[in-house]
Each structure stands twice: as structure tokens, then as C-alpha cells.
Amino acid sequence: MRYGVNFASAAAGILDNTGQNFVGRIPFNQQIKNFRNSLDQLSNLLGEDDLSQGLWKSIFFIGMGSNDYLNNYLMPNYDTKNHYNAQQFADLLTQQYSQQLTTLYNLGARKFVIAGLGLMGCIPSILAQSTDGLCSDEVNELVRPFNTNTKMMINRLSLDLPGSRFSYIDVHNAFQDLLVNSELYGFSVLNRGCCGIGRNRGQITCLPFQAPCPDRSSYLFWDAFHPTEAVNVVLGRRAFYGGTDIASPINIQQLATL
């Protein structure tokens, strides 16, 4: 635990009811409680002073929100869309998100990397529902207010939480660049998963023991929802070293030196 802990959970969301179709998911609120419990263990191991110093130097990477759309708002068995339009739902999410990040700050976190949402209308799961095989402008516009709200939220928190530092990763811009300049990055398959079943290999996501595509490095997407490792390497490098079009107001390398 002294060198890093991953509290993430598949299908988890900012909202506690997100991902209820997946019984074993751990919502973000519970992940924060798990972090608090881990701090108690670390405090016994390191002592309060050393623990505080370690937390101030640590980087907290948080990428939330996509499941609140894919496994909540856009799911037919949820009635969320009947109660909130796009802006109202983004407001709901970022209000909760702000409280959650403030809780992490109160537990000792100071350096935050916050990832925005990418072009979710272009993932195989959404493409599989399209009649023309094109990205869904409707879905891309649906999530746009969340990114706008998240940037404003970070600006507010930077002022309200003394000593906090944030780096916002613009996944939307980064993924747009990958789509437009895919050949420069070595990607030739943009519209289907490397592993999956059905149209665009996105109607059913990758199953255990299913054979994936032979050359996954040429694919943007691994399965119905997630990018391949090759894409993650590109995104990671741009988040670490990139300019303010991708990482703002500072990149992760700059955040680490503070």
C-alpha cells in the first residue's frame, strides 16, 4: 500500500445506483470509504506525520462519470432519463463529484488528476445500436455538459481547497485526435472491438475464453467499451507530457514535481 493502491471497480459510478446490473460493483462513495479504512492501516504502520507527508506527495487519479451514462442514464431499465435532461444530469453528477473530491481532500489528498469523458458516442457498444454505423452525435452531446461542468468544478475546488492542485485530462480532445489522425498513430480499425460479439463486436462484450483479434495494437477498442492497451499508452503519454490542449492547467509530470 505504501507505493500505490487501486480502489477502482468495474461499472462503478459517481451515483450509488449506477451499475446495479452488476451486483459486485463498488460505487465511488464506497471506494472512498475503503480508502479511509486503508489510511487507518497505514497510520498504524507509518505514523500520522509520515502518512500526511506521503499523502501530500501522492497523486490521486480519478476517472469517473462514464458508467453513470452507460450503466445508468442510457440503460433501458433505468428511468433516469425521464427525470433529467442532459444539463440537469451533468449538474447532479458534478455536485456529487465535488463533494466526493472534497472528502478525499479532507482525508489528506492534495494532488488530483481528473479525467474527462471521451467520445462515448463512438464506442462499439453505441455504434452497434446505429443504423448507419456512424458515431452517435446524440450521445456525444449528452455527455458534453459533464466535461464542461467538471472543468468548472475543478476551478472552484482549486480556490476552495487550500494547497490542492489539479490536472484535468481532456480525453475528448485526445480521442478526437486519435480518430482524425489514426494512421499516424498506427491504428487502422476504429469502429469495432478487438474482442466481442455481434455488430461492431459491441453488442456483447468480450467473454471469458473468447479469442481476440490477432493484432490488437491496430485497434482503437479492446471490447465494447474500453480502448486497447496501445491507445492507453498514447493517452497516458499525452496526459503525462502533453500541452494544455490535453492536460490543463498542468500535465502530470509537472504535477508530480510540485
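Pro 249 is found in the loop between strand E8 (247–248) and helix H10 (252–257). The peptide bond that leads into Pro 249 from Ser 248 is cis, with omega near -5 degrees. The model is predicted. The points below cover backbone features, a helix pair, two buried residues and a surface patch.

**Positive phi values**

- Ala 11 is not a glycine, yet its phi is positive, near 70 degrees.
- Ala 11 sits in the segment before helix H1 (28–46).
- Ala 11 counts as buried because its relative accessibility is 10%, and the cut-off for buried is under 20%.
- Asn 200 is another residue that is not a glycine but has a positive phi, here about 60 degrees.
- Asn 200 belongs to the loop between E5 and E6.
- At 16% relative accessibility, Asn 200 also falls in the buried class.

**The loop between E5 and E6, and its surroundings**

- Gly 198 lies in the loop that runs from strand E5 (196–197) to strand E6 (204–205).
- Gly 198 has 41% relative accessibility, so it counts as partly exposed.
- Partly exposed covers the range between the buried limit of 20% and the exposed limit of 50%.
- Along the sequence, Gly 198 and Ala 128 are 70 residues apart. In space, their C-alpha atoms are 7.8 Å apart.
- Ile 204 is part of strand E6.
- With a relative accessible area of 42%, Ile 204 is partly exposed.
- Ile 204 joins Ile 197 and Leu 207 in a nonpolar surface patch. The patch has an area of about 230 Å².

**Helices H4 and H6**

- Helix H4 spans residues 86–106, and helix H6 spans residues 137–160.
- The two helices pack at an angle of about 35 degrees. Their axes are 9 Å apart.
- The crossing of H4 and H6 is right-handed.
- On the H4 side, the residues that meet H6 include Ala 86, Ala 90, Leu 93, Tyr 97 and Leu 101.
- Polar names also appear on the H4 side, among them Gln 87, Asp 91, Thr 94, Ser 98 and Thr 102.
- On the H6 side, the residues that meet H4 are Leu 142, Pro 145, Phe 146, Asn 149, Thr 150, Met 153 and Leu 157.

**Ile 114, a buried strand residue**

- Ile 114 is in strand E2, which covers residues 111–115.
- Ile 114 has a relative accessible area of 0%, so it is buried.
- Ile 114 and Gly 63 are 51 residues apart in sequence. Their C-alpha atoms are 5.9 Å apart in space.
- Leaving aside neighbours within four places in sequence, Ile 114 is in contact with Tyr 97 and Leu 101. Both of these residues are in H4 and take part in its meeting with H6.
- Thr 150, in H6, is also in contact with Ile 114.
- Other contacts of Ile 114 include Ile 62, Ile 154, Phe 166, Ser 167, Tyr 168 and Ile 169.

**Thr 228, a buried loop residue**

- Thr 228 lies in the loop between strand E7 (219–221) and helix H9 (229–241).
- Thr 228 counts as buried because its relative accessibility is 3%.
- Not counting residues up to four places away in sequence, Thr 228 touches Phe 187, Arg 216, Tyr 219, Leu 220, Phe 221 and Trp 222.
- Of these, Tyr 219, Leu 220 and Phe 221 fall within strand E7 (219–221).

Note on methods. Residues are numbered from 1 along each chain as its sequence is written. This is a predicted model: local features need pLDDT of at least 70, side-chain atom pairs count only at pLDDT 80 or more; totals for chains, interfaces and linings use all residues. Side-chain values use heavy atoms; hydrogens and water are left out. Helices (H or I, at least four residues) and strands (E, at least two) are DSSP runs, numbered from the N terminus. Buried means under 20% relative accessible area, exposed over 50%, partly exposed in between (1.4 Å probe, protein chains only). Contact means heavy atoms within 4.5 Å. Patches are made of residues with over 30% relative accessible area and no salt bridge: like charges are joined within 9 Å, nonpolar side chains (Val, Leu, Ile, Met, Phe, Trp, Tyr) within 5 Å. Accessible areas come from the Shrake-Rupley method with a 1.4 Å probe; for residues, only the protein chains shown count as cover. A salt bridge is a side-chain nitrogen of Lys or Arg within 4 Å of a carboxyl oxygen of Asp or Glu. Axes are lines fitted to C-alpha atoms, for helices over the stretch in contact, and angles run from 0 to 180 degrees between N-to-C directions. A crossing is left-handed if the near helix is turned anticlockwise from the far one by less than a right angle, and right-handed if clockwise.
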